[in-house]
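Colleague: Got a minute to go through this model with me? I'd like to hear about a helix and some charged pairs.

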Amino acid sequence: MKLNLTVNGRSKEVDAEPRRLLADVLRTEFGAYGVHIGCAQGACGCCTVSVDGESRLSCLTFAAQCDGAEIQTIEGLGDKTRAHYLQRAFMAEHALQCGFCTPGFIMALAPFVDKAGDPSDAEIRDAMSGNMCRCTGYQSIVAAVRLAIELRDAERGAA
Ligand code: FES
Ligand code: FES
């Protein structure tokens, strides 16, 4: 079936069987290799992307459900030349080791950090509760979220 998807601002018609997963289409048709497939069953959060502004697990979403949608992956959030404040905070706080889980954490946390005031540790941990990391541990990720909120405020103050 023909689908129209807009991924990181680029619109394209793709021909995808109804059973094809969004994660697979994003990687193979759009080169969004930051969409990582860990468990492929909704348990690890590695494949999180934004679909029309809502966080979605792309391993549990059929591409056909996203016809006409605007999708953002980690590549669209920011890159080396214009890193998003969460990306900068993860680097500064050493909140990653192998990095496999990182795009999923950042895509899941981006809407939370966008709106957060002064969250408690418990609220931050709740916001990242759908994501698993096998190497870093979670405390440095909590620290990264706090730093990201500071960087966000500095960015908004400067705007
Ligand atoms: S790969 Fe989608 S939740 Fe694990
Ligand atoms: S940094 Fe390796 S799984 Fe999280």
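Modeller: Sure, here is a quick run through helix 6 and the salt bridges. Mind that this is a predicted model: local features need pLDDT of at least 70, side-chain atom pairs count only at pLDDT 80 or more, and totals for chains, interfaces and linings use all residues. Residues are numbered from 1 along each chain as its sequence is written, chains are lettered from A and ligands numbered from 1 in the order in which they are written, and side-chain values use heavy atoms, with hydrogens and water left out.

Colleague: OK, helix 6 then. How many residues has it, and what does it span?

Modeller: Helix 6 covers residues 139-158, 20 residues, and reaches 29 Å from first C-alpha to last, close to the 28 Å expected. Helices here are DSSP runs of H or I, at least four residues, numbered from the N terminus. The expected span is 1.5 Å times one less than the number of residues.

Colleague: Which residues of helix 6 are buried?

Modeller: Among them are Ile141, Val142, Val145, Leu147, Ile149 and also Arg152. Buried means under 20% relative accessible area, exposed over 50%, partly exposed in between, with a 1.4 Å probe and protein chains only.

Colleague: And what covers them?

Modeller: The cover includes helix 3 (85-92), helix 4 (102-115) and helix 5 (121-127).

Colleague: Switching to charges: how many salt bridges are there?

Modeller: The structure holds nine. The criterion is a side-chain nitrogen of Lys or Arg within 4 Å of a carboxyl oxygen of Asp or Glu.

Colleague: What does arginine 156 pair with?

Modeller: Arginine 156 bridges to aspartate 114, with the closest N and O atoms 3.5 Å apart. That pair links distant parts of the chain, helix 6 and helix 4, 42 residues apart. Arginine 156 is partly exposed at 45% relative accessibility, and aspartate 114 is partly exposed too, at 37%.

Colleague: What about arginine 146, which partner does it have?

Modeller: Aspartate 118, with the closest N and O atoms 4.0 Å apart. Here the link runs from the loop between helix 4 and helix 5 to helix 6, 28 residues apart. Aspartate 118 is exposed at 72%, whereas arginine 146 is partly exposed at 29%.

Colleague: Which residues do shared partners join into one network?

Modeller: Arg20, Asp24 and Glu29.

Colleague: Last one: how far apart are N and O in the bridge of glutamate 17 and arginine 19?

Modeller: 3.0 Å. Glutamate 17 is partly exposed at 44% and arginine 19 is exposed at 61%.

Technical notes. Helices (H or I, at least four residues) and strands (E, at least two) are DSSP runs, numbered from the N terminus. Contact means heavy atoms within 4.5 Å.
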